[in-house]
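Grab a pencil and open the viewer. Below are some exercises, each with a solution worked step by step.

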Amino acid sequence: MSTNEMTGGEALVRMLLAHGAGPMFGMGGFQLLPFYDAARRLGLNHHLINDERCATFAADAYAKVSGRVGLVDATLGPGATNLVTGLVEALNAGSPLVAIVGDAQRDHAGKNMTQETDQVAILRPACKELIRVEAVHRIPEAIRRAFAVATSGRPGPVVVDVPEDVAHGLHGFADDDFEADPAHQSAPALRCRPDAEALAIAVGLLASAERPLMLCGGGVHISGATDEVAALAEACGIPVAHTMTGKGAISCQSPLNAGLFGRYDRIANKLIEESDCLLVVGCKLGEIATKRFTVPAPGKVLIHLDIVAEEMGRTYKPTVKLWGDAKAGLRDLRQSLEGTAAQQRGARADYLAQVPARMEAWRGETVEKRLSDETPVHMGRLITELNRLLPEDGYLIADGGFAAHWGGLLFDTRRAGRHFVPDRGFASIGYGLPGAMGAQLAAPDAVVVGLTGDGGFNMVLGELETARRMGLGITVIVVNNAASGYVKALQHLMYGQGAYQSSDLAETDYAAVANAMGCHGQRVERPEDLEAALLAAFAERDRPSVIDVMVTRDPSRMLPAVDSRTVQVKKGDRVA
């Protein structure tokens, strides 16, 4: 066994490499210079970002698509605080991230050091755990702990706070100090199964149900449980509805697919109303999914399977709580129902036939918006063209706001899996471009499309340079309505025509901006030009493309449906 003296910064890099880490996004500063020097010498796959918030967005999307741990770093003060929004996205969405953050030199901390703040207090509520490294020799222990926490239970972001003197300090490490458990390179690293007695009760409820319905959230993808969703649904005859993050729990082309439920839905809310047994899997039943806590109606028989015990009962009282991993729990349910599965499916034949019939009827009712030839381009037509042209193994990364709502409602994933990636953990705008970058790194051979509004794109436009420098052939669709569209639409619904405040943007040619930055840019003003523009962008494999799509400026037509929160309530009215 040899002993090698090295800086704390080099020890950090060696521990990341021991975990098979990379890619990593960050912006350096003096505190972490030894880390950057070691990254150069040892070959860590590290990329300079132009804004640290975008680093967390890119790392979050990488983690969502790959299941591996996303990595970011930042210097002290503004670098650290810029991470907060993206960390909360990862925390709420269950994305495994590790963030290494430089901090002040401890001998002088608290004496108005440049850029110093109490960043530990700021970052702690934005992450699953914050680990402060107080000695150089404890760096391997800290990083092992960070990866273990990030990938266990409901995954999440872990911040490792490294004071300047620890990063620059020296210690003689032994070779075996840099050991890592490969299980913690991705999530879920550990799985647990629901209690047998609770499972038996759930099995009885499902077996006796006439109209069971499965409601899947993003936890299905975190667990990698799509095969188990399909196996249970197909064996027993249980239709599947999903949240925005749960899209792809089952193929949208499956006859068992009931589509999105909640604030914007196709046919699922009615099926929920008619169901006599709901199986909720990996879903927090938050505001959007429950149409502000009105769906399901109170008193439903509801089985809740989740890895986080405290989420069960937070918004809806379940009949049975199944505390465990989604994949393991669904497998146990299927095996326990196996003996009567064929009988159940046969008894539900008429019910199951209603699902594709209703879906087809919905498609008929929405054909006007989905195939609209109007100019400016209708959002329904844009999503329909994406459905048609995006390859089966492609990815749509949807920004916050109505990009996610239109995409969640109308986009179809032709195979099971997380091919629709919205940032619903925090629903921050600005995710579309950096999220597409992270997804492309996770799936380098796939066509990756980021769908964003002009407001969100304005926030992160500088990352076009990052994507071009990295040679990423992503396609970014900018929904250009010269407005903070979601806000303007809500103002219109709440206060009426013309009652808009601070929601308009300057008319901007984003295709010209992209071309000026050395990227491929194209403006689309007519729906018949969408196909050529999309195919040309998909063919660009070594630089990013921006398709600037002109959509309606009419705020009454910006949302896919009326947001129930904006309904003017009078005494005696019941909304939703």
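## Warm-up: a loop residue

Ala427 is partly exposed, with a relative accessible area of 31%. Keep in mind as you go that this is a predicted model.

**Exercise 1.** Work out where Ala427 lies and what is notable about its phi.

*Solution.*
- Step 1: Find the loop between strand 16 (420–422) and helix 19; Ala427 is in there.
- Step 2: Check the accessibility class. Buried means under 20% and exposed means over 50%, so a value of 31% makes Ala427 partly exposed.
- Step 3: Look at the backbone. The phi of Ala427 is positive, about 55°, although the residue is not a glycine.

**Exercise 2.** Do the same for Phe293: which loop holds it, and is it buried or exposed, or in between?

*Solution.*
- Step 1: Phe293 sits in the loop between strand 12 (277–281) and strand 13.
- Step 2: Its relative accessible area is 47%, so Phe293 counts as partly exposed.
- Step 3: Phe293 has a phi near 65°, a positive value in a residue other than glycine.

**Exercise 3.** Find the loop that holds Gln501, then classify this residue as buried or exposed.

*Solution.*
- Step 1: Go to the loop between helix 22 (485–495) and helix 23 (510–516), and you'll find Gln501.
- Step 2: With a relative accessible area of 57%, Gln501 is exposed.
- Step 3: Now see what its side chain does. There is a polar contact of 2.8 Å between the side chains of Gln501 and Ser502.
- Step 4: Try a distance too. Gln501 and Gln491 are 10 residues apart along the chain, and their C-alpha atoms are separated by 8.1 Å.

## Two buried loop residues

**Exercise 4.** Which side chains make polar contacts with the side chain of Arg263?

*Solution.*
- Step 1: Locate Arg263 in the loop between strand 11 (257–260) and helix 12 (268–274).
- Step 2: Arg263 has a relative accessible area of 6%, so this residue is buried.
- Step 3: Pick out the partners. The side chain of Glu287 is joined to that of Arg263 by a polar contact of 3.1 Å, and the side chain of Tyr486 makes one with Arg263 at 3.4 Å.

**Exercise 5.** Place Gly77 in the chain, list what it touches, and say what separation its C-alpha atom has from that of Arg263.

*Solution.*
- Step 1: Gly77 belongs to the loop between strand 4 (70–74) and helix 4 (78–81).
- Step 2: Gly77 is buried because its relative accessible area is 4%, and the limit for buried is under 20%.
- Step 3: Leaving aside neighbours within four places in sequence, Gly77 is in contact with Gln115, Thr117 and Gln119.
- Step 4: Gly77 and Arg263 are 186 residues apart along the chain, and 39 Å separates their C-alpha atoms.

## Cis bonds

**Exercise 6.** Where are the prolines Pro23 and Pro188, and what kind of peptide bond comes just before each?

*Solution.*
- Step 1: Pro23 lies in the loop between helix 1 (8–18) and strand 2 (24–27). The peptide bond joining Gly22 and Pro23 is cis, with omega about 0°.
- Step 2: Pro188 is in the loop between strand 8 (170–174) and helix 9 (196–208). A cis peptide bond joins Ala187 to Pro188, again with omega about 0°.

## Inside the protein

**Exercise 7.** Describe the largest pocket: what is its volume, and what lines it?

*Solution.*
- Step 1: The volume of the largest pocket is about 720 Å³.
- Step 2: There are 38 lining residues, and those closest to the centre are Asn92, Gly218, Thr245, Cys283 and Lys284.
- Step 3: Helix 5 (84–93), helix 10 (219–223) and strand 13 (302–306) are the elements giving two or more residues to the lining. Helix 10 has the largest share, with three residues.
- Step 4: Sort the lining by type: 18 nonpolar, 12 polar and eight charged.

**Exercise 8.** Which residues touch the most other members of the largest nonpolar core?

*Solution.*
- Step 1: The core has 92 residues, and Met214, Leu330 and Leu333 touch the most other members.
- Step 2: Helix 18 (residues 402–410) gives the most to this core, six residues.
- Step 3: A second, separate core has 51 residues, among them Ala61 and Ala436.

**Exercise 9.** How many residues of helix 19 are buried?

*Solution.*
- Step 1: Helix 19 covers residues 432–442, and nine of its 11 residues are buried.
- Step 2: The buried ones include Leu433, Ala436 and Met437.
- Step 3: Among the elements covering them are helix 3 (52–66) and strand 17 (448–453).

Note on methods. Residues are numbered from 1 along each chain as its sequence is written. This is a predicted model: local features need pLDDT of at least 70, side-chain atom pairs count only at pLDDT 80 or more; totals for chains, interfaces and linings use all residues. Side-chain values use heavy atoms; hydrogens and water are left out. Helices (H or I, at least four residues) and strands (E, at least two) are DSSP runs, numbered from the N terminus. Buried means under 20% relative accessible area, exposed over 50%, partly exposed in between (1.4 Å probe, protein chains only). A polar contact is a pair of N or O atoms within 3.5 Å; within protein, one must be able to donate a hydrogen and the other to accept it, and residues adjacent in sequence count only if both atoms are side-chain atoms. On a 1 Å grid over the protein atoms alone, a cavity is a set of points where a 1.4 Å probe fits but cannot get out, and a pocket is an open set with protein on both sides within 12 Å along at least five of seven lines; lining residues have an atom within 4 Å of a point. Grid points are joined across faces, edges and corners, and a volume is the space filled by probe spheres set on the points. Ala, Val, Leu, Ile, Met, Phe, Trp, Tyr, Cys and Pro count as nonpolar, Asp, Glu, Lys and Arg as charged, and the others, Gly among them, as polar. A nonpolar core is a set of buried Ala, Val, Leu, Ile, Met, Phe, Trp, Tyr and Cys residues joined through side-chain atoms within 4.5 Å. Contact means heavy atoms within 4.5 Å.
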